[in-house]
Amino acid sequence: MTDNFPLILGIESSCDDTSAAVLHGNHLLSNIIASQAVHEKFGGVVPELASRAHQQNIIPVVNQAITEAGITKDQLSAICFTRGPGLLGSLLVGISFAKSLGIGLNIPIIGADHMQSHILAHFIQPREGNKPVPGFPFLCLTVSGGHTQIVLVRDYFDMTVLGKTIDDAAGEAFDKVAKIMGLGYPGGPVVDRLAKQGNPKAFQFARPRIDGLDYSFSGLKTSFLYFVRDQLKVNPLFMEENKYDLCASMQRAIVETLLIKLIKAAKETGIREVAVAGGVSANSALRTALLDTAKKYRWNMFIPEFAFTTDNAAMIAISGYFKYLRGEFAGQDATPYARQQF
Ligand code: KG4
Ligand code: ZN
């Protein structure tokens, strides 16, 4: 690389994906993700096993990201790691690795926020060319396994949460429904796939009634659980015979719930620049519903590429790029945090 754009290595290890990516300026050169199959049989992420798997994966994943980028590690300008929110044991693996590599290469390290990074993923440019990006201020519906929130994004690092879930996250609702139906973990992608063959209006589940821009998904989950339990008493094959319709109906309930508050937020703020981020933004019904809503309300809608919806290091590297430009570096005393900071 002969120009002056920095080469940033991003490292993500907040939950159950070990990922490393290399950015050249804001252009993505590589993005490697090692998912941890070890959690599948437990129906959820087991923190101790996650830390151990990160420890096994991190060096091969970083090596592969550097090789695929077509660079050598001594060309790197800085290393950006996820500080939080996330599992402390998992975060520590990425942070400690970044600190050691930073000392070894004598380059600065940068700490990124995982939730901000999901949103900033919209600013990742492909290796060649440029794609349109949201203009400030914009609204971002951030929907993942741990969070569901509507964020007002005024600038790269000036974000305010306008509404959030008071109990379960949307991804958790997908995962719990899948667990009740014995579909495995993570549940979102399976429910999405099965729902394609089902009737979304077959069953009606209780919609949450929460004031303002906040969300609640625990009632929906309970409504699903009780409904299925009652039906199974009458017909033990109910779940198997109706799995497509159950997935489609539950998915519709989650998607509609997400959209109602997003539309309300857009009306209240007068903002028509709207984005979506996080693992659940991979959901095909949500993506279609967002595009339809955008057309109806004349929003300028930004839906991320699939690779940038679930956890990935490209989003950490883009946070690192913007912090690098501001000279916001972390010290060797940087620590992880478990809970959201903004
Ligand atoms: O952002 P993410 O990878 O990790 C967190 O930061 O939590 O999100 C993971 C969540 C899981 O709950 C997973 O079931 C959900 O995203 N998810 C989906 C889909 N793909 C992943 N939910 C619905 N439909 C999908 N296609
Ligand atoms: Zn995430």
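# Exercises on cis bonds, a positive phi and ligand 1

Proline 186 belongs to the loop that separates H4 from H5; helices are DSSP runs of H or I with at least four residues, strands are runs of E with at least two, and both are numbered from the N terminus. The model is predicted, so local features require pLDDT of at least 70 and side-chain atom pairs pLDDT 80 or more, whereas totals for chains, interfaces and linings use all residues, and side-chain values rest on heavy atoms without hydrogens or water. Residues count from 1 along each chain as its sequence is written, while chains are lettered from A and ligands numbered from 1 in the order written.

**Exercise 1.** Describe the peptide bond between tyrosine 185 and proline 186, and the bond between phenylalanine 136 and proline 137.

*Solution.* Step one: tyrosine 185 and proline 186 are joined by a cis peptide bond, with omega about -10 degrees. Step two: the bond between phenylalanine 136 and proline 137 is cis, with omega about -5 degrees. Step three: proline 137 lies in the loop between H3 and strand S6 (138-143). For context, most peptide bonds are trans.

**Exercise 2.** State the phi of asparagine 106 and locate this residue.

*Solution.* Step one: phi of asparagine 106 is positive, about 60 degrees, although the residue is not a glycine. Step two: asparagine 106 occupies the loop between helix H2 (88-105) and strand S5 (109-113). Most residues other than glycine have a negative phi.

**Exercise 3.** Describe the surroundings of ligand 1, from single atoms to domains.

*Solution.* Step one takes polar contacts, pairs of N or O atoms within 3.5 Å. An oxygen atom of ligand 1 lies 2.8 Å from a polar backbone atom of glycine 145. For the side chain of histidine 114, the distance from an N or O atom to an oxygen atom of the ligand is 3.3 Å. A backbone N or O atom of glycine 146 is 3.4 Å from a ligand oxygen atom.

Step two: ligand 1 alone exposes 560 Å², of which the protein buries 89% (Shrake-Rupley method, 1.4 Å probe).

Step three: helices H3 (114-120), H4 (170-180) and H5 (187-195) each give two or more residues to the shell around ligand 1, and H5 gives the most, with four.

Step four: domain 1 (7-131 + 309-326) and domain 2 (138-304) both contribute to this shell, so ligand 1 lies between them; the bounds come from an automatic or database domain assignment.

Technical notes
A polar contact is a pair of N or O atoms within 3.5 Å; within protein, one must be able to donate a hydrogen and the other to accept it, and residues adjacent in sequence count only if both atoms are side-chain atoms.
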